[in-house]
Structures are given as structure tokens and as C-alpha cells.
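Welcome! Take a moment to turn the structure around on your screen, and then we can walk through it together.

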Amino acid sequence: MPADDTAPLFSERKGFGRRVINVLNGNPTIIPMLVLIVGVIAFSLIVGERFLHPFNLSLVLQQVTVIGVLALAQTLIILTAGIDLSVGAIMVLSSIAMGHLSIQFGVPPALSLLIGIVTGGICGALNGIFITLLRLPPFIVTLGTWSIFNSVLQFWSGGQTIRQQEIAADAAVLQWTGTAFRAGAAQLTLGSLLMLGLALLLWYILNRTAYGRHIYAVGNDPTAARLSGINTRKVLFSVYVLAGLICGIAGWILIGRIGAVSPLGGATANLDSITAVVIGGTSLFGGRGSIAGTLMGALIVGLFRNGLALAGLDVLWQEFAIGILIIIAVGFDQWLRRISV
Amino acid sequence: MTTPDLLRNAGGETPILAARNLRKSFGRVVAMDGADFDLYPGEILAVIGDNGAGKSSMISALAGAMRPDSGDIWLDGKIVRFSSPMDARDAGVETVFQTLAMAPALTIVDNLFLGREYRKSGIQGAIFRTLDRRRMRAEARHHLSQLGLMTIQNIDQIVETLSGGQRQGVAVARACAFGSRVIILDEPTAALGVKETRKVLDLIRDVRQRGIAIVLISHNMPNVFEIADRVHIHRLGRRIAQIRPSELSMSDAVAIMTGAMEPPEPQLEGSPNVQT
């Protein structure tokens, strides 16, 4: 750059701090990655061998799989500056659809699995209709549908759990996601692999297709997106449907995880999914964040719970620590937004 | 449809973008009251007018962002009806809105191609919808360097990290990039400092050099008088005068704009060959 060129149009904003901010802005996964690394080092120092043992780490992966998949769905929604408080209810409703269709109505298990996932998509579409056609705020809509889906699933299941043995006998495919296999000293489940596969697919969609870039644009600046020729309502609607389908898949993974179909599975899942997304560096204001960050967010929550438990701390202090993590994550996002404009 | 005679000026020239008798009201508020508009090939036309004079409504109609209640718009002598900014853009009328219409958290390349991304050829593009990122980056680099903006070092930089002038530059580059014939710039210098304003004015001249006609909406009279070939003065929902900056003073233009002075008669007819 010529030395005599002083016009700001042609010069970069400089300085170390500014550069760090630019890097953080362009790579939102750096912070969760640092937290993950620091957390792992800290816990391995405090707890020792047991924490770092592959079996323990793979156990954490199993524990976070259900919430991880819900968090993937939640990431899509939050990227559009929305929020979905009904993901947990959609997941349980889907799992109940799968279980009841195959056990009580004798629908072939593979078909009821498919119908269950589509049920999730329909629930998502319902959210999408309220949000895009009636232009109601996502928070209110999904608070309402959370209630609705919950009552529907209670009604449908009659409050009854379908036991593990029944499913194993008549609809084993529903438990497929719980299938465990050993990889060295680690123990993985097919459900965890499914989560990683889904994450890869969503990463591809978000970063390598026009649709993915449009999701970011709609969340970041809806007016700009519209003026650029993006059909923002279509994008929004499709995101809610896609998220619903992913919640349906989460329902399948839930059955694999607990073995049974229970109407009580998703009580805290809604908020846990948001926790993972936020700790993963995705902004609640939309347009910023990543799938990799969400996976790390889910792992951070799992590792902190696991590490604190191994360190002998009571469950309530685990919740306490997660709460602090959330506030730090959101505070950091706010700060980054304020100084980067 | 052949060019209507009413559009031709004294020199027999056809405006590249023209409008006659545009009307639009919002309830009782009349935003356009028979507004006319003429832009000739290769010129920079400034549109000035007091706040509330209806400039924005007229520009929105020309840019496809709003449909007039009545009246016609011609592009290259053919009647056009834009029902969205995309329609206008496809026809070659690009608008750089005051808000720039860029997503600040996305990169320069993402923003340049937002809403008209290239996909890879073959199966990858057709079935997997894969973006052709290499091609988009190469073209982005090309367009930015054509406008002398290549000192933006990293086209994968997110737009938020750019200065106001750089953002304006990227928005103008986006407008130029897609073979447009008319670029409408809405208050391009309103948010900029003196040096950045200078750069953007240079940029506008560069764009004109490439044969693109420019409509410049601005409140900045010195800028307008410096750069415009002609000035369209808007008042009370319609065009009340067209002047040449060389023939009238800035204060007269402001007086006409505010109604303190009668517009000169007869009204000037446009011609692209005027150098100021």
C-alpha cells in the first residue's frame, strides 16, 4: 500500500486489538474451542486419569447426543434471529408417534419411524406458519406450541411409557440409535455417529450452499436480505420445518438412549438446547454462529457436568457452573457486537 | 413498443430511464403527484428535494421497491413494470440503498453475490447445490480492482470490519458487477467523512466512465453541484425543474427546492453530452 495514501477508504483499520476482534468476528468458534481446551486441561489436572480416559470421554459424548441434535436444530433457528422453545416437545411427540404407531397400531417399524420424523417436520411447519404468515414473534409462538405439543403428546401416550422389552420385541429399529460399539477403549453409539453426520450435513448446507448463506443473511439483516432478492419468509419457514425434522430424528435418538418411549423425556431439553447453542458462540441476535460451535457448546456442557461430578461436586453446583458459562457467553457476544460496529 | 415521442428531448435522444405522471398516495398523504423523471445515457443526474418532497417514493418506484398507483416507467424506450427490486435489477436497474442492503456479519464475497450466487456446474451444482466459491471470489476480486478497491486486502473479510467508505465501495461494486445500465445511489455520502466522501465521488465518476448512467440522491449541495451533469429538483410530489449546475447557483437551486423561487422557464431538456 502506498505510504502517501491516507484516505480511510483504502486503508484497513489497524491495531492489535482491532485485529483480534476481526479474527473473533470472522471465526466465532475460537472462543468455545478455547473454553473446551481449557476445561479439559483443568479437569484433567483436578480429576486426573479418570476424566481423560477414552471411555469417560465417550460416555460424555453419549450423554450429550440427544441435546446435541436438538441444539443443531436450535442453531438453525437462532441463526435466523428466532428461538424455538418447542424443540423438546417436538422430539418427545415424534418419539411417541414412532412408538405408538409401531407397538399399538402395528404399523411397520420403519414406516412409523418415518412418520415420526415427518411428525416433527409438521410441528416445525406449524411454528413456521405462525411466525411467517401471521408474523408473530417466535418466542411467543413456540411457547404456545410447546404447550400444545406437550398436551397432545400426553393425550396420545395416555401418560404411559412403552417399555424397553416391548420395543425390542416388535420395533427394534427404533432402538437402533442406541447400538453401542467399541472403538479402542471408547464406546460409541450409532446415535452419536448420526449426530456427527447430521452436523456435517448442516455444516455443508450452511457454508457451501446459497440457501445456507441466505439463512445467515436473513438472521443478520432481514431488510438487506429482502432487498438482495432473498425470499425471507420462505427461508424462515423452511428453517422451522427443517428444525422440526431434526427434532424428529432427535426423537429416534432419544428412544435409542433411554430404550423406552416415555412422555417425560424432554422437560429440560428446550433450555438445554439453547444453552449449548449460546455457549457454542452463536448469537441470539441472529446471523452469527456455527454448527461446529454448537457441537462444542454441547460438549462443554457435558464435560463440565462430568468433570464436576467426578471432582465430587454436588449436581446443584454443576447447574451453577453452567449458569455462569451461559452468562459469560452471552456477555461476550454482546461485547463483541458493541465494539465491532 | 416503439419509443414514445413524448420521451425524446430536443436533441432526439431517448432517455435510458424515464417516468411520466407517477402517482402514489398513502391514505391521505400524497407521495407522488404526477412525477416525471428522465435519465439520459451516460450522465450523472442528481435528484434533490426537501424532506417529504417525495424523492424516496419516486426512487422506490424506479427501483422496483414500490408500485405506483398510476403512471408509466420506461427503460430504454420500453414500458416496464417492476414488482420487486429483483425485477428492476434483472432489467439492469441496480439500487444502492442508503442502508446499503448488506449483511454485516457476512463476508465481502458473500455480500457481493447475495441472492445471486453461482453454483458449480454439473452434478455438484445441480444436485448438491454446491456454491462455486472459487469463481465468486475471482469475480469479486476482479470487480473490486476495476473500481480501484482492491486495497481491501481480504475479500473474505466480514463487512462489519470495513470502514463506512469501504462498505459504500463494496455496495457500489455490487451494483456495477452485474452488467447494469442504471445505478441509483441513495445518499451515498450521508454517513461518510470528508476524505471518504471524496473517494466515493471519485468512484461514482469511475462508474460513469464505464458507460453506466447514475442517479444520485443527495442532500449535500456542494457534492451535487460538483459531480452532477444535471439536477432534478423535486417539490411537493413532482419534478418542478431540471437545471444544469453550470447555469444556476446552489442557493437558487435550494430556493427552487423550497418554493422560495419560481423555477426557470422553459424547463431545460436533458442531454448527456454536457460536461460541467
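The paragraphs below go from one chain, to the contact between chains, to the nonpolar core.

Please keep in mind that this is a predicted model. A good place to begin is chain A, whose secondary structure consists of 15 helices and 2 strands. Its radius of gyration is 21 Å, close to the 20 Å that the globule rule gives for 341 residues, so chain A is as compact as a globular protein of that length. Along the principal axes, the C-alpha atoms of chain A fill a box of roughly 80 × 55 × 35 Å. Of its 341 residues, 49% count as buried. Look also at how the chain meets itself: among contacts between residues at least 6 apart in sequence, 76% join residues at least 24 apart.

Next, find the place where the two chains meet. Chain A brings 30 residues to this contact and chain B brings 32. On the side of chain B that touches chain A, at least two residues come from each of α2 (85-90), α6 (164-177) and α7 (194-209). That side of chain B holds 12 nonpolar, 11 polar and 9 charged residues.

Now look inside. In soluble globular proteins, nonpolar side chains tend to be buried together. Here the largest nonpolar core has 169 residues, and A:L70, B:L62 and B:L216 touch the most other members. Helix α12 (residues 232-258) of chain A gives the largest share of this core, 15 residues. In chain B, domain 1 (43-67 + 82-105 + 164-258) and domain 2 (107-157) both contribute residues to the core, so it lies between them.

To see one core residue up close, pick B:L216. Beyond its neighbours within four places in sequence, B:L216 is in contact with B:I44, B:L45, B:A46, B:L185, B:I204, B:I227 and B:A228.

Methods: Residues numbered from 1 in each chain as written. Chains lettered and ligands numbered in written order. Predicted model: local features only at pLDDT ≥ 70, side-chain atom pairs only at ≥ 80, totals over all residues. Core = buried A, V, L, I, M, F, W, Y, C linked by C-beta atoms within 7 Å. Buried ≥ 20, exposed ≤ 12 C-beta atoms within 10 Å, placed from the backbone. Helix = DSSP H or I, 4+ residues; strand = E, 2+ residues; numbered from the N terminus. Domains from an automatic or database assignment. Contact = placed C-beta atoms within 7 Å. Rg over C-alpha atoms; globule rule 2.2 N^0.38 Å. Nonpolar A, V, L, I, M, F, W, Y, C, P; charged D, E, K, R; others polar.
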